[in-house]
Amino acid sequence: MDDFLFSDEALDEVNEVVQGSWKVIVVDDEPEVHAVTKLALSDFEFQDKRLEFISAYSGEEAKQVIQQHPDAAIVLLDVVMETDDAGLKVAKFIRETAKNNHIRIILRTGQPGQAPERQVIVNYDINDYKSKTELTAQKLFTVVMSSLRSYRDILSIEQSRQGLEKIIKASRDIFSTHSLESFIEGVMQQLTSLLGTVDQAMYATSLVASNPQDNQKKLVVFSGRGEFERSEGKAIEEVLDEEQLQACQQALSEKTIVYRENYLFAYCCSECNHNSMLFISGIPKHLTDTQRHLIEIFSQNVQLAYENVQLQSEIEATQQELVFRLSEALEQRSTETGNHVKRVSHICYELAMGYGLSKREAELIRLAAPLHDVGKVGIPDAILNKPGPLTDEEWAIMQQHAEKGHLILKGSNRDIVNTGAIIALSHHERWDGSGYPKGLKGDDIPIAGRIVALADVFDALRHKRCYKEPWSLDDVVKEINAQQGKQFDPKLIEVFNQRVKEIEDVLVRYPD
């Protein structure tokens, strides 16, 4: 027969705290209740974790303890303390004020008639109701065990919910990445969010755009962090030790995830029949089932995201190269120089970022800048290549190229083409209103046109043309500053002076 939990004899208090334990809050105004509760459950263990007891001796103290320990699993709550309904007020506080819906509330009362069970169960969000006289040691063990199982399941559901949100966010963030360079950074960031800690990561794939002739089954490091940061382009056999290589080959052959003590290799599925592998080190020693499931889902999405990013990058790079090649072919009709539009494009980016435009706006101007002289396609070679001064009639024809370029490009539903139309029409306008074709003045000139105007003049003066020799950097800087407030936006000249070194570096990277 079970001994009653509450006896007349006061027992020594047992207060053993175990690392990684389940927190149990005991709320009662009688010290003996705390002592016998801890004694009765002193050898309790669930999922290799013991119980950690936290005591409160009044309703007000209980509220403070609840807020200090939001991760508590159970509260054994007396009803009658400083007032007849102090425990009920605490139960209401837990759910409504502290917003803690995870903790299991076991209401205990020595006076069942004071708080009728049916009324309490209906009106308060508690999980069990027990009379102190019926709570033997065995029954207390049972109610705590069942409550902990419920708490564990609630946490598991909550972790799965949070994990699903992270997976959705991770997939969204990685799929929105349009840069292969930032891909692995996105992977690292999301894995850190999922696992809490990641030291190093490496993504190896047989899909390597720069080596299309390579054996498609050969895994090559695409990108990495930590000790793998400088391993891009190397075969995995060159960067992994023997133990890691065995784990990688196992994951590859079994098309699964292989876990080791502090790292893992995850095989990444592919719709294009390419092999890819994700390596992560510095992971927690003991991963939960939820974390393992999230890693599995994540690794399935990583390869698809990578292929999506690669395809997007390839399309953008192809489009940009076509624009550069066509624009350069057009420029060479009149300037006999190579890489002019490429240099103008990158100079524009430097000026736009310095001017305070967003990265997207600066990138848009960079991509559209090569279209600035597209209207010259209709100008006769005799006028474009004339070494001497143009006649008034020839100059009138030359000025038409701005509007012609605008007509060629306008009306597109693509941002880059529309920006190109704006640039083509406005990059010959002058800050003082003396430019063409509209005679716009000051801020009425679109910022993209103002930026391209400065970049175009700088590059033209620094390079040889059929009608002149290149100017020195000092002479170009002096001339451009002399045009502050006349031909060029004064603020843009300040940016130019601040970034002249970066702008000159563009010329070094893309010589004629």
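Q: What pLDDT does the protein average?
A: This is a predicted model, so a fair place to start is the predictor's confidence in each residue, given from 0 to 100. Of the residues, 75% score at least 70. Averaged over the protein, the pLDDT is 80.

Q: How many contacts does the stretch of residues 1-19 have beyond near neighbours in sequence?
A: Go gently here: where pLDDT is low, the predicted coordinates should not be read in detail. Residues 1-19 have a pLDDT below 50. Residues 208-216 are also below 50, with five contacts beyond near neighbours in sequence. For residues 1-19, the model's count of such contacts is 34.

Q: What is the strand order of the open sheet of five strands?
A: Strands of a sheet pair through backbone hydrogen bonds, either parallel or antiparallel. In this open sheet the pairing is parallel. β2 and β5 (128-131) are the edge strands, each pairing on one side only. Reading across the sheet, the order is β2-β1-β3-β4-β5.

Q: Which residue is the bridge partner of V26 in β2?
A: Strand β1 covers residues 22-27 and runs parallel to β2. Six bridges join these two strands. Look at V26 and you will find that its bridge partner in β2 is S55.

Q: What angle does the direction of α1 make with that of β2?
A: Helix α1 packs on the sheet, where it touches β1, β2, β3 (74-78) and β4. Helix α2 (residues 59-68) lies across β1 and β2, and runs at about 140° to β2. For α1, the angle with the direction of β2 is about 175°.

Q: Is D48 buried or exposed?
A: D48 sits in the loop between α1 (31-40) and β2 (51-56). Its phi is positive, about 65°, although D48 is not a glycine. Most residues other than glycine have a negative phi. Because its relative accessibility is 72% and the cut-off is over 50%, D48 counts as exposed.

Q: Why does K99 count as exposed?
A: K99 belongs to the loop between α3 (86-97) and β4 (104-109). K99 is not a glycine, yet has a positive phi of about 55°. A residue is exposed when its relative accessible area is over 50%. K99 counts as exposed because its relative accessibility is 60%.

Q: What is the omega of the peptide bond that joins Y436 and P437?
A: Most peptide bonds are trans. The bond joining Y436 and P437 is cis. P437 lies in the loop between α14 (415-426) and α15 (447-462). For this cis bond, omega is about 10°.

Conventions. Residues are numbered from 1 along each chain as its sequence is written. This is a predicted model: local features need pLDDT of at least 70, side-chain atom pairs count only at pLDDT 80 or more; totals for chains, interfaces and linings use all residues. Side-chain values use heavy atoms; hydrogens and water are left out. Helices (H or I, at least four residues) and strands (E, at least two) are DSSP runs, numbered from the N terminus. Buried means under 20% relative accessible area, exposed over 50%, partly exposed in between (1.4 Å probe, protein chains only). Contact means heavy atoms within 4.5 Å. Two strands pair if DSSP finds at least two bridges between them. Axes are lines fitted to C-alpha atoms, for helices over the stretch in contact, and angles run from 0 to 180 degrees between N-to-C directions.
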